[in-house]
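Subject: A structure for you to look at

Hello,

Here is the structure I promised to pass on. Please open it beside this email and have a look around before you read my notes.

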Amino acid sequence: MVEISTLPYNVINNDEWVVTSLLSKQDLAVIKGTPLNEVVDFNPDRLNQDQIISDREYSYIDSNCITEEGILLSAKKMHGEELPARARLIVRQGDILISTVRPERNLVAVVTKEFEGCVVNTTFAVLRPKRILAEVLYFVLRSNSFNKQITALSKGMTVPTVKLKDLKDLEVPDNCFNDAIENKANEYFSLWIERNNNTKSTEQVVEEVFTKNDILIIEEELIKESILYQPYPYDKLKDRLDVGFYMDNKSQAWSVETKSLEDITIKFRSGAAIPSKEYKTEGIPYVRIKDLKGNLISKEELVYIDEEFKEINLKSTLFKNEVLISRVGTIGKAALVDEKFEGAVANQHLTIVMPDVNQVLPEFLVYYFNTTWAEKFFESRSGGAAQQFIKLGAIKTIKVPVPTIQLQQKIIDEINKELKLMDLRAVRKQIEEFTNLLFD
């Protein structure tokens, strides 16, 4: 059943016959609050053409300087003669930038102290709070409720844009003007900035924890020992003569015992080739390289296959705590099979590793595979011109540091704790609940 909404004549203007725009005006009438124009000054400081000094260096902000998370991350350095024609606004600390072009991207950011005096492109509106706390307004403008309104008001098929006059008429909920809300907004804003500024890649976290636990010999110590070359016995030479292939990549840098992957693995298996025409929207998960994200298997782009394909590819069926390694294209990418994907089928471009848990914990192994140390090893043993690949025989030779099981678990716990602290999802959920309260 399709719900049909009727529109009163007073919301219809001759120049606005886009359905989303008409519906948005009807919806806006329901929201009770104060017009945005009454609580902020719009574009208060401008830079005229005759004020620009050609050989002076300016700090310039455009849409590329703001992250999807609403953080003003950087400013571009350029001389006056290089500034775009639309670089006409100047910002101060505490101002808020909101993009009027393609507003569905939700590019909203607070100008912090280091960006005081920057020049801004006029594809943004600069809002200077006068009757509302900047942090409160930031969360209002970033909220789903506000973004839906401004997106609905935008016009233009190729580059949707919202007019300044329409933005000024949008209302700020009355719930925004009290001390409790202001205190909470301050708390969440500080936490949001801190989490975003301290975000590291999983790779960085893993390598820092490995180093902190003294299982890695610092490179400077190796130089002191004058390890400049490594002899290699003739009987070990194979059909390749490139030096990198024969180097145990950084194996000399570990203070613990290292073993080849083959020595700590019970079984190696390959994934199954299933044509894309057989992909379904539900059924048995079919895991491809693109589904390996953040050391786990992601559901974002997952495809499925019928049960019959699993039955004829039982050797490619996954079990909990197995490790997947990509060996074509993006080689060396690894992920752990958790309980949610037990019984799934792996793609033919993935190698399935069943670790010997008495020697190495699967999660420790996955974390190691996603370090620069393992990455360089995979690269040194890869081949192919048009598309990189690595043979199973080469994968088996990768050297893995194998500390005690107790130390492996300690390292896993420390990595997981650090990653949890950096996880934005919990903070994002708290902020979403907070902004929902503003519109109640």
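Below is what I found, going from the whole chain to a few residues.

Please keep in mind that this is a predicted model.

The chain as a whole
The protein chain has 440 residues, and 45% of them count as buried. Its fold includes 15 helices and 21 strands. If you take the contacts in the chain with a separation of 6 or more, 76% of them come from residues 24 or more positions apart. On the outside, about 24,100 Å² is exposed, with carbon and sulfur atoms supplying 50% of that area.

A buried serine
Try finding Ser260, which sits in strand S11, residues 258-260. Is Ser260 buried or exposed? Its relative accessibility is 11%, and buried means under 20%, so Ser260 counts as buried. Which residues does Ser260 touch, leaving out those up to four places away in sequence? They are Lys396, Thr397, Ile398 and Lys399.

A negative patch
Next, turn to the surface, where Asp55, Glu57, Glu81 and Glu82 gather in a patch of negative charge. One of these residues, Glu82, belongs to the loop that runs between strand S4 (76-79) and strand S5 (87-90). Glu82 has a relative accessibility of 47%, which lies between the 20% and 50% cut-offs, so Glu82 counts as partly exposed.

Enjoy exploring, and write back whenever you like.

Best wishes

Note on methods
Residues are numbered from 1 along each chain as its sequence is written. This is a predicted model: local features need pLDDT of at least 70, side-chain atom pairs count only at pLDDT 80 or more; totals for chains, interfaces and linings use all residues. Side-chain values use heavy atoms; hydrogens and water are left out. Helices (H or I, at least four residues) and strands (E, at least two) are DSSP runs, numbered from the N terminus. Buried means under 20% relative accessible area, exposed over 50%, partly exposed in between (1.4 Å probe, protein chains only). Contact means heavy atoms within 4.5 Å. Patches are made of residues with over 30% relative accessible area and no salt bridge: like charges are joined within 9 Å, nonpolar side chains (Val, Leu, Ile, Met, Phe, Trp, Tyr) within 5 Å. Accessible areas come from the Shrake-Rupley method with a 1.4 Å probe; for residues, only the protein chains shown count as cover. A salt bridge is a side-chain nitrogen of Lys or Arg within 4 Å of a carboxyl oxygen of Asp or Glu. Lys and Arg count as positive and Asp and Glu as negative; His and the chain ends are not counted. The place of a charge is taken as NZ of Lys, CZ of Arg, CG of Asp or CD of Glu.
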